[in-house]
Amino acid sequence: MKKNEVNVMEKIVSLCKRRGFIFPGSEIYGGLAGIYDYGPLGVELRHNIKQYFWNKFIAERDDVYGMGAAILMPERVWEASGHTELFTDPLVECKVCHARVRADQPDAIAEHEATHKKEKVEWSEPRVFNLLVESKLGASEDTATKVYLRGEITQGVHVNFKNVLDSMHPKLPFGIGQIGKAFRNEITPRDFLFRQREFEQMELQFYIKPDEAEGMKQFEYWKQFALDWYYGLGFKKESLRLRQHAPDERAHYAKDAWDIEFNVPDMGWKEAWGIHHRGDWDLKRHSEFSKVDLSYYDDETKERFIPWDIECSGGVDRGVLFTMLEAYTEDELGGEPRTYLKLPAHIAPVRVAVFPLLKNKPELVAKARELYAMIKKEIPNTNFDDNGNIGKRYRRQDEIGTPYCVTIDFDTIEQGKGVTVRHRDSGEQERVPETELVSFLKKG
Ligand code: GAP
């Protein structure tokens, strides 16, 4: 990249703020590092991505249950899961200004050193730093109980394994999926939504018989399933890859681990999802620590055992960020430069925008309002827009990724010739009869 050129990440950060996708957290008070708030369009995009996960990994399957566990969990849960001891990153401290940076991130170290133009930076010896975010519950200091905001949403599923067995009576293999917030006291939050301190995860824990061949089969199946799901967000084949973790890279619970990585423009390959073979680590440890038997009884083989867990763990916010980075397109249309988000229709925050051709013609506005109400009943993420001229409206909708713009003109009312539907990517328009409009807009 040339000096002073704005990279795609910077363009997305600016678009997110300007168009109401994502804002720095508590911005009017100076912000909070690693924390972001979703605005009106961002929250719709995030909701659509989560809904797509929920449909594909949970609702459309017979072998997966959904659940929603609490964020706060007692210390004992995290001792059992190994997080109080092992959920750590190496930290070094700058001896000049005492800022703390992750020792294993050369970029963060170089970035910090560049802030000290005059002094040569010396660093402390690395030490381990635990990422769990701690809090206390209870009315008085003496009786308050130490709790943790969950560092991964996973443990809420494992601690409910027996509840799901006893209430739903599933047979192996079966899964439990959920979506929710996780919290990590990241030493160096960075790169916008990529590394935050509060973020959302969408996960599946898929329980299987403890058998090497079954483990390999299921692991391969879920790796591909997760990758195919990610392609459904509009990624080109060459933008994603699967990469296996080296043994010293794996989390403490993983027998094998692969990441789905996205080739971030100007930055290179970055983790989007993790697929982990967790073996019996979690259920075994929770059985030991809680003294509650978390084994499974197989009616057919008359065996009792602790199941293994194959995990698909996706970051919702990384999904939002990477989807926007992939969708961001600059081209020329009608001789003019333009910017648009090439989002698939099923996740676009606004699916349809309805316009009267002219704002000052009451008959056009009335008809546009009538059709808008009809479409909105069937497609809730439909917007009405009569600001500025039609060209400006198209540009505004392109920038937020609206796939369809519906214009009501004089032919619509005078000759009953239907409306024009304009397609975002090509800019082409076609006439669609009013009676077919909703089904046309629902397709794709
Ligand atoms: N339950 C397994 C687990 O939590 P992980 O690889 O630590 O595994 C899973 O996290 C996913 O959560 C990552 O692939 C990433 O998408 C997302 N994630 C992790 N840390 C994050 C952070 N600090 N900010 C945003 N997303 C994060």
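Here is a short conversation about a predicted model, covering a helix pair, a ligand site and a loop.

User: Why are α2 and α10 called roughly perpendicular to each other?

Analyst: Helix α2 (residues 40-59) and helix α10 (residues 316-327) pack at an angle of about 110°. Angles of 65 to 115 degrees count as roughly perpendicular, and α2 and α10 are therefore described that way. Their axes are 10 Å apart, and α2 passes α10 in a right-handed crossing.

User: Which residues make the contact, and how do they divide into nonpolar, polar and charged?

Analyst: From α2 come L45, R46, I49 and K50, while α10 brings V316, G319, V320, T323 and M324. Five of the contact residues are nonpolar, two are polar and two are charged.

User: What makes the pairing of E203 with the ligand a polar contact?

Analyst: An N or O atom in the side chain of E203 is 2.6 Å from a nitrogen atom of the ligand. A pair of N or O atoms within 3.5 Å counts as a polar contact, so the E203 pair qualifies. R184 has a polar side-chain atom 2.8 Å from a ligand oxygen atom, and G315 places a backbone N or O atom 3.0 Å from an oxygen atom of the ligand. In total, 22 residues surround the ligand, with E203 among the closest.

User: What stands out in the loop between α7 and β10?

Analyst: Most residues other than glycine have a negative phi, and most peptide bonds are trans. In this loop, H169 has a positive phi of about 50° although it is not a glycine. P173 lies in this loop too, and the peptide bond from L172 to P173 is cis, with omega near -5°.

Definitions and conventions:
Residues numbered from 1 in each chain as written. Predicted model: local features only at pLDDT ≥ 70, side-chain atom pairs only at ≥ 80, totals over all residues. Heavy atoms only, no water. Axes fitted to C-alpha atoms, helices over the stretch in contact; angles between N-to-C directions. Helix = DSSP H or I, 4+ residues; strand = E, 2+ residues; numbered from the N terminus. Parallel < 35°, antiparallel > 145°, perpendicular 65-115°, else oblique. Left-handed = near helix turned anticlockwise from the far one by under 90°. Contact = heavy atoms within 4.5 Å. Nonpolar A, V, L, I, M, F, W, Y, C, P; charged D, E, K, R; others polar. Near = heavy atom within 4 Å. Polar contact = N/O pair within 3.5 Å; in protein donor to acceptor, adjacent residues only side chain to side chain.
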